[in-house]
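Reader: I'm new to this one and would like a close look at a single part. Could you pick a pair of neighbouring strands and walk me through it, then show me what lies around it?

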Amino acid sequence: MLEAIALTKRYGAVHAAADISFRVGAGEVVGLLGPNGAGKTTILRMLAGILTPTGGRALVDGVDATTDPFEVKRRLGFLSGDTALYQRLTPREVLRYFGRLHGLADDAIAARTARLVDELRMGDFADRRCAALSAGQKQKTNIARAFLHDPPALILDEPTTALDIVTGRFLLDAISRARAAGKAILFSTHVMGEAEALCDRVLLLHGGRIVDEGAPAELCARAGVRTLGEAFLRRIDALS
Amino acid sequence: MRWSIVRTIFGKELVETLRDRRTLFAMFALPVLLHPLLFLALGRVTAAETQKRKTIAPRVAIFGAMPRALEDRLTAEIGLTVAARLPAPPTPEAAAAEARRLVDAHTVDLALLLPPDADARLAADDGVALTALFSSVSDVSRGAHARVAKALDKISAEELAARRARRKLPDGFAEPYRLVDEDLASSRMRGAEIAGRALPVIVLFVIVTCGLLPAIDLTAGEKERGTLQTLLCAPVRPLELVAGKYLTVVVASLIGAAANLLAMGFALSRQIAALGDDLELGLSLPTGLVLFVAIIPAALLLSALLLGLGVFARSFREAQSYMTPLLLVVLVPAMATLVPGVELSPSTALVPIANLSLLIRGVVAGTAPTQLVFVVTVANLAYAAAALVFTARVFETEQVLLSGESPWRDVFGRAARARVTPTPRNAILFSVVLLVVAYYGSMFADPKRVGLLGMLLVLQLGLFLAPAVLWALASRVSLRETFSLRLPSLRGAAGILCLTLGGWAVGELVARALLPLFPGARAYAEELARLLGPGDAKVAIAVALLPAVAEEACFRGVVLSGLANSGRRSVAIVGSALAFGLLHLQPFHVLTASVTGLLLGWATLETGSILAGALIHAANNGLRMIALHHPAVEQALAHPATIAAGLALTAIGLLLVRRRPA
């Protein structure tokens, strides 16, 4: 569903991502773990068709993100922790706008918006301008935006950044429901606890390369430690 | 490009723009409140000050002895107050120094220096030269000088009349020749002339300032607020995004400009009325509407420029720093209306910005020729399209969108990979460049200098074929694919033959239908016939063959193959036909050539061979040339039966060239 094949991005002599290959199947959550500057966002942007790779291929639902970014965007929901909203629109207007950009009919947008507003408990603020919303309310609006067109694949770039524990939990529950609905989910985070709780597999990134991968329990067992955080630190120490 | 998406983006941007208090303030509140307040306040103060100056009695210093009768008359006339009576200084320099001291100390407003024999001269009916010593940089001193001068003129005229009466001389004795001026321009025309010089600069300035905030807000502002990444994740093509935002900026500039013009017009007409001069601003609803229509091309171009620079900037602040040079770039050519002798003419009609300024002036003064209005509008649409193409390219540049460090190379660098045929943007840019090159290039190809054949060779080979080939080479595209250098299928060839024999009838039919709607068209056609009529067989062959090769290389080559990459055949055919038509720059010919262009584009695209366009074009031009020299052929072509036969052949040809689904 989501696939990277020898994906590479260079800025001059710097490799932001080097020879990255992995696959995320339907109903699977794969975590992309790494410290700041490891190349997580670059990889996700290449998969989303926002950045052009220097080499390799990024496929979403079999469509190449370089040659057909337009089709890739139709099949993808993208959410990041720093995604901003239009301050002078209300969440309901934001959803209508993105629904139309995705080519949905107005009545379909209205029905899906009503369902998402209900599921994500947005009723209290759905008609208030985004400028007046809290960080949690904004992120709920963003989740609704990413889920609105019912994409088969989701890319979530550190989506819990700046969220309180209640909203963060809420988001993780939404991701679990999406997995149950058969969506392929690529999830980047540097919060090891989240990855451990949610991901079927994780990819450890360092210096733009994948340095290890496997199920959280496998990685812990290989490193001889109890938590994913410790396993990650041990792997980084070994590389240093 | 999907118009439903453009409409969605436009609608959302418009809602956001109208919800932004800063923009609303700049668009409406500022002009509606500030202009009347400023102009009316300024007008009141100026009028009050002018009135005051007219009544204040000038305070003077008199060097020497002023004749009593003159002093009494000046006192009676303007209330002259003698503040100092001083002996005449020994030299003029000493008089000037003393007068300057008195004026600088505000003791007097001016000094009058009289000759020692003033009384004797007057007694002998001679003239007396008074020297007025005043400061031209002081309002008070200048005003006093003007009042004394005016009064002295009046007194002098009365004295002259008295002397003539005493000596029984005729009225014209002291004035053998007199020029009596009568201005043929009405007060409204004079008002329009003054407004026409100043208004364009103001209008262009207003459009830039009204479009400025929305343009930055929708581009650099969106980057800064972090919403651009959200938008880039949606399935929207760069050109759709740019078009939606562009329409918002155009609407904002136009609404802002209309509000400003209304407020300014109201305030100016009140001020002019208050001054009571023999001028009329001549602003009425029809004039206002015509002016509003005239500023649409300006809004189209300036909005595109503003959006392009806004997209390029990484932040709101950076965008503002780009806008100051842009304002200068706009205002300097806009001042063309202030340069004596510069008018809207064929040579200025394509000069960016200056042509807009001259167009607005021409429209206000009612002197703009219709043909040039059309040329300026086409040119500005073309420039706006080029600016939008640039903006769309920027929207695809990740270094710019993600605020990278080396955006210039990404935007202006050549494509890294060679392509088979040009991109749609490349094709649009080529059409704009070709328009300018062909327009100005044709001015240098004077048939009187180089002969008719020479002119055709220079125009077609130098200004069409060479640019097309060079453009394709520079774009690193395949010449074979770009220029469709291949033979058609047998069925296609049969279709081309039918269209070659009958295609002219389409142009003929359209021309007949449109001729009554365009009064200038017949004169234009006669002018063309006069130009080509004297040509020999060589000229006739050149007219038939050269455009069939050179113009086809441009429009059914670079433009058609480039626009075909948009993925929509209709865009390619209509776009290339429009580009071909607009190059004719005369409304009637634009329409007839565009219709012929549709036929040429359809045939070339369907058969995949440039031969289709070239042969139909050659036959069309060749027949016209034959008809020009042989009235019998002309009559035959104009006969309804011949036209019907031509149309029938065209219909068969269209069916034959139509590509069958694979």
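Author: Happy to. Let's start in chain A with strand S7 (residues 153-157) and strand S8 (residues 184-189), which run parallel and are joined by 5 bridges. Keep in mind that this is a predicted model. For a concrete spot to look at, find A:Leu154: facing it in S8(A) is A:Ile185. What holds such neighbours together in general? Strands of a sheet pair through backbone hydrogen bonds, in either a parallel or an antiparallel way.

Now zoom out a little. S7 and S8 belong to an open sheet of 6 strands in chain A, and reading across it you get the order S6-S7-S8-S3-S9-S10. The pairing in this sheet is mixed. At its edges sit strand S6 (76-80) and strand S10 (209-214) of chain A, each of which pairs on one side only. Ignoring direction, neighbouring strands here are turned by 15° against each other on average.

Chain B gives you something to set beside that. There, an open sheet of 4 strands follows the order S2-S1-S3-S4, again with mixed pairing. Its edge strands are S2 and strand S4 (131-133) of chain B, and each pairs on one side only. From one strand to the next, the twist averages 25°.

You can see both senses of pairing inside this chain B sheet. Strand S1 (residues 59-63) of chain B pairs with strand S2 (residues 81-86) of chain B in the parallel sense, over 5 bridges. Within that pair, B:Val60 has B:Val82 of S2(B) as its bridge partner. Strand S3 (residues 110-113) of chain B, on the other hand, pairs with S4(B) in the antiparallel sense, over 3 bridges. Here B:Leu112 stands opposite B:Ala132 of S4(B).

How does the chain get from S1(B) to S2(B)? Helix H3 (residues 68-78) of chain B joins the two strands in a right-handed β-α-β unit.

One last stop, away from the strands: the surface of chain B. B:Leu18, B:Phe28, B:Val32, B:Leu33, B:Leu37 and B:Ile255 form a nonpolar patch there, with about 520 Å² of accessible area together. Helix H2 (residues 21-55) of chain B gives the most to this patch, with 4 residues. B:Leu37 has its place in that helix. Is B:Leu37 buried or exposed? B:Leu37 counts as exposed because its relative accessible area is 57%, and the cut-off for exposed is over 50%.

Terms used: Residues are numbered from 1 along each chain as its sequence is written. Chains are lettered from A and ligands numbered from 1 in the order in which they are written. This is a predicted model: local features need pLDDT of at least 70, side-chain atom pairs count only at pLDDT 80 or more; totals for chains, interfaces and linings use all residues. Side-chain values use heavy atoms; hydrogens and water are left out. Two strands pair if DSSP finds at least two bridges between them. A crossover is right-handed if, with the strands pointing away from the viewer, the path from the first strand over the helix to the second runs clockwise. Patches are made of residues with over 30% relative accessible area and no salt bridge: like charges are joined within 9 Å, nonpolar side chains (Val, Leu, Ile, Met, Phe, Trp, Tyr) within 5 Å. Accessible areas come from the Shrake-Rupley method with a 1.4 Å probe; for residues, only the protein chains shown count as cover. A salt bridge is a side-chain nitrogen of Lys or Arg within 4 Å of a carboxyl oxygen of Asp or Glu. Buried means under 20% relative accessible area, exposed over 50%, partly exposed in between (1.4 Å probe, protein chains only). Axes are lines fitted to C-alpha atoms, for helices over the stretch in contact, and angles run from 0 to 180 degrees between N-to-C directions.
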